[in-house]
Amino acid sequence: KLRHPREMGDPEVHAFLTHLAVQQKVSASTQNQALSALLFLYRNVLQLDLKVQFETVGARRSKTVPTVLTKSEVNAVLSKMSGMCGLMAKLLYGSGLRLNECVQLRVKDIDFGQHQIIVHDGKGEQDRVTMLPNQLMDLLKEHLQWRKRMHDEDLARGYGSVYLPYALERKYPNAHREWVWEFAFPSA
């Protein structure tokens with residue numbers, strides 16, 4: 001009703017957030033973002049303290065039970081996939097890699113001898129080791145042989161370098177062109 005925020009306080013903020021939830025039916029994250037913005041406005045801009053308790057107003061995200069496919073359903077889906085995307089999907093399912101981890105997987109992080117994959121900077125910026133399924137060993141070796149040929153051709157054409165994390169490019173000036181640093185599943 002076109003009132004200055006300085007003239008309003010806890011009751012109006014509570015009413016607005018309730019309006020967002022009940023009438024507007026916005027998501028929990030939108031409600032929480034609105035509350036955070038209002039708290040910032042009052043505390044940092046207007047220099048007023050709101051008494052709104054985040055726990056009493058903050059929306060809680062609904063807890064949904066994930067849909068889990070049966071083994072036969074997974075096999076039916078994976079059997080319809082082929083090529084690099086099929087191999088990636090099988091690797092996601094068989095090793096427990098997250099999609100981003102699979103996309104950022106480098107050749108050096110695949111250990112065929114130990115049947116494992118080393119994940120660097122995964123969820124929560126944590127490193128971890130996961131298994132490399134026996135059923136994918138030959139497919140992955142074949143894929144990496146194809147990638148190696150592609151990498152060699154790229155190098156011959158003056159390409160074939162990759163981004164290196166942190167300051168490794170300064171520490172190892174030629175590493176960006178080395179095979180072990182190549183992505184296992186590069187984009188076009």
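These are my notebook entries on pockets, cores, cysteines and a few single residues in a predicted model.

**Pockets**

I looked up the largest pocket first. Its volume comes out at about 410 Å³. I find 19 residues in its lining, and Gln104, Arg106, His120, Asp121 and Pro165 are the ones nearest the centre. Two elements, α6 (99-103) and β2 (116-119), give two or more residues each to this lining. I sorted the lining by class and got nine nonpolar, four polar and six charged residues.

I then turned to the second largest pocket, which holds about 270 Å³. I list its lining as Lys1, Arg3, Pro5, Met8, Glu12, Val13, Phe16, Leu38, Leu41 and Tyr42. Helices α1 (10-22) and α2 (28-45) supply at least two of these residues each. By class I have seven nonpolar and three charged residues here, with no polar ones.

**Cores**

Which residues have the most contacts inside the largest nonpolar core? I note Leu91, Leu105 and Phe185, in a core of 18 residues. The elements giving two or more residues to this core are α5 (83-95), β2 and α7 (134-156). Of these I mark α7 as the one that gives the most, with four residues.

I followed Leu105 further. Setting aside residues up to four places away in sequence, Leu105 touches Leu91, Leu97, Ile110, Ile117, Ile118, Glu182, Phe183, Ala184 and Phe185. I also recorded a second core, separate from the one above, with 10 residues, among them Val13, Leu20, Ala34 and Tyr42. Val13 and Tyr42 are already in my list for the lining of the second largest pocket.

**Cysteines**

How many disulfides does a search of the whole structure find? I get zero. For Cys85, the nearest cysteine sulfur belongs to Cys102 and lies 9.7 Å away. A disulfide needs the two sulfur atoms within 2.5 Å, so I do not pair them. I checked accessibility as well: Cys85 counts as exposed, at 54% relative accessibility. Cys102 is likewise in no disulfide, with the sulfur of Cys85 as its nearest at 9.7 Å. Is Cys102 buried or exposed? I have it as buried, with a relative accessible area of 0%.

**Gln116**

I looked up Gln116 and found it in strand β2. Its relative accessible area is 22%, so I class Gln116 as partly exposed. Gln116 and Leu132 stand 16 residues apart in sequence, yet their C-alpha atoms are 4.5 Å apart. Leaving out neighbours within four places in sequence, I list the contacts of Gln116 as Asp109, Ile110, Asp111, Val129, Thr130, Met131 and Leu132.

**Positive phi**

I searched the backbone with one rule in mind: most residues other than glycine have a negative phi. Gln47 is not a glycine, and its phi is positive at about 60°. I place Gln47 in the loop between α2 and α3 (54-57). Gln47 is exposed, with a relative accessible area of 62%.

His115 goes into the notebook too, with a positive phi near 55° in a residue other than glycine. Where is His115 found? I locate His115 in the loop between β1 (110-111) and β2. At a relative accessible area of 34%, His115 is partly exposed.

Note on methods. Residues are numbered from 1 along each chain as its sequence is written. This is a predicted model: local features need pLDDT of at least 70, side-chain atom pairs count only at pLDDT 80 or more; totals for chains, interfaces and linings use all residues. Side-chain values use heavy atoms; hydrogens and water are left out. On a 1 Å grid over the protein atoms alone, a cavity is a set of points where a 1.4 Å probe fits but cannot get out, and a pocket is an open set with protein on both sides within 12 Å along at least five of seven lines; lining residues have an atom within 4 Å of a point. Grid points are joined across faces, edges and corners, and a volume is the space filled by probe spheres set on the points. Ala, Val, Leu, Ile, Met, Phe, Trp, Tyr, Cys and Pro count as nonpolar, Asp, Glu, Lys and Arg as charged, and the others, Gly among them, as polar. Buried means under 20% relative accessible area, exposed over 50%, partly exposed in between (1.4 Å probe, protein chains only). Contact means heavy atoms within 4.5 Å. A nonpolar core is a set of buried Ala, Val, Leu, Ile, Met, Phe, Trp, Tyr and Cys residues joined through side-chain atoms within 4.5 Å.
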